[in-house]
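This report looks at backbone geometry, strand pairing and the nonpolar core of one protein model. The structure is shown first, and the discussion follows it.

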Amino acid sequence: MTHISSKLALAIGLAFAGWQTTVLAQSSSATLFDGYVAAGLPQAFALPRPADDERGEGIDQVVIEEKLDTDVVFPDGSHAMTYVGTSNGIEATFTRIGDDLSVSVSDERLEPTVSTGRIRRSAAPEMNDAITLPPSASKRAFSLTAEPQTQAPRELQFWIFLHDQSGETNYAKFHNWYIAWWIRDMEHAVKPGIPVKVIIKDHIPGVTDFDYHQAVTSDRSLVKFGNIADRYLDSAGATPSQITKTMLFVNDVAANWGDYTYGVALQNNTVAMASGTGPRHIVAHEFGHTLGAAHRYAEDRFPCVTNMMGFITPRYSCRIYTGANDLEIRRHVKEALEAIERER
Ligand SMILES: [Zn+2]
């Protein structure tokens, strides 16, 4: 598909190069983008890079193939629209939020998952970021809430709470860095069987100022935050359930997480934490644990690693799970839905 698309992009790009230069001069890349996709997909056209593009100035030949279904809602109420296609023949995701367009291309071989300065190559400890609660504690949160989880919509919801000190203020960049490629993979490969929704929140007193450094152990910290997040969901009219996942997204890692650990999660449960100092797949990784995905099914596909691989290797993120982890996630969602159904 990629090969056909890039040829198409080139052909159409060349054909329209003449008149397009005048169009480019008049409109921002976001306005131009909107104009093309409004005419129906797929579309191939020349797109000037957004002003703050990491690759610097330039014009890309892009093909926009598809708009993703996943709804992503940002704290200001704006919805990110995510498109997939190619840029100069390379797979890319395109994010539109408000007035911003952000483009992310797949080829990032020069970008290791974690800066090599942080890594002691000789030490390769087993990461212990996935915590399994004892069965007596595993029903943690749902009994605390007013609404029974049977009221939960048949929708896989991911609530990401940006910690007050997370430093994340550019929604389009956050979306492109952590979310866009992940929801693409959720739709294209994982296929959980129900719609996916991502809700991002910030500046909520009592939630996004949570002191995640305080607890002695990460399991206590996770349980405590999980309960806080679920109470917030209740107050916001959402229903905590086994298919409603919550995450505290922070900057600094906590000492209680352990060494070489950029996030923590309760395995097969609902709550996770992730640090922006971690690799690009940290959000997909920690949410992956809550969905039943595991390190043992991850793969080192040099020069990249799949989502559930540890973070100590200086590889870039493949930005996919493995087929085996896709299966685990599908199984988790199916079992969670059956459990909700049984309670009805
Ligand atoms: Zn892990």
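Where is the place of Asn 268? Asn 268 sits in the loop between S11 and strand S12 (271–275), and in this predicted model Asn 268 has a positive phi of about 55° although it is not a glycine. Asn 268 also counts as buried, because 20 C-beta neighbours lie inside 10 Å. Tyr 260 is a second residue other than glycine with a positive phi, in this case near 55°, and its place is in the loop between strand S10 (244–250) and strand S11 (263–266). Tyr 260 is buried, since 20 other C-beta atoms lie within 10 Å. As background, most residues other than glycine have a negative phi, and most peptide bonds are trans.

Glycines with positive phi occur as well. Gly 98 takes a positive phi near 55° in the hairpin of S5 and S6, which has two residues between the strands, whereas Gly 292, just after H5, takes a positive phi of about 90°. The backbone values discussed here, together with two cis peptide bonds, are collected in the table.

| Residue or bond | Backbone angle |
|---|---|
| Tyr 260 | phi near 55° |
| Asn 268 | phi about 55° |
| Gly 98 | phi near 55° |
| Gly 292 | phi about 90° |
| Leu 41 to Pro 42 | omega near 0° |
| Phe 302 to Pro 303 | omega about 10° |

The peptide bond from Leu 41 to Pro 42 is cis, and Pro 42 lies in the loop between helix H2 (29–38) and strand S1 (43–48). A cis peptide bond also joins Phe 302 and Pro 303, and Pro 303 is found in the loop between strand S13 (300–301) and strand S14 (304–305). The two strands that flank Pro 303 pair in the antiparallel sense over two bridges, and Arg 301 has Cys 304 in S14 as its bridge partner. S13 and S14 belong to an open sheet of three strands, in the order S13-S14-S15 and with mixed pairing. Its edge strands are S13 and strand S15 (316–317), each of which pairs on one side only.

Elsewhere, strand S5 (residues 90–97) and S6 run antiparallel and are joined by six bridges, with Arg 96 standing opposite Leu 101 in S6. Strand S6 (residues 100–105) is mostly covered, as five of its six residues are buried.

Which residues have the most contacts inside the largest nonpolar core? They are Ile 160, Phe 161, Phe 225, Met 247, Leu 248, Met 273 and Val 283, in a core that has 83 residues. Helix H3 (residues 171–190) supplies the largest share of this core, eleven residues. The core lies between domain 1 (2–68 + 80–105) and domain 2 (116–343), because both domains give residues to it. In soluble globular proteins, nonpolar side chains tend to be buried together.

Val 283 links this core to helix H5 (residues 282–290), a helix that is mostly covered, with nine of its nine residues buried. Among the buried residues of H5 are Val 283, His 285, Glu 286 and His 289. Leaving aside neighbours within four places in sequence, Val 283 is in contact with Tyr 178, Ile 179, Trp 182, Met 247 and Ala 274; of these partners, Met 247 is also one of the residues with the most contacts inside the core.

Definitions and conventions:
Residues are numbered from 1 along each chain as its sequence is written. This is a predicted model: local features need pLDDT of at least 70, side-chain atom pairs count only at pLDDT 80 or more; totals for chains, interfaces and linings use all residues. Helices (H or I, at least four residues) and strands (E, at least two) are DSSP runs, numbered from the N terminus. A residue is buried if 20 or more other C-beta atoms lie within 10 Å of its own, exposed if 12 or fewer, and partly exposed in between; C-beta atoms are placed from the backbone. Two strands pair if DSSP finds at least two bridges between them. A nonpolar core is a set of buried Ala, Val, Leu, Ile, Met, Phe, Trp, Tyr and Cys residues joined through C-beta atoms within 7 Å. Domain bounds come from an automatic or database domain assignment. Two residues are in contact if their C-beta atoms, placed from the backbone, lie within 7 Å.
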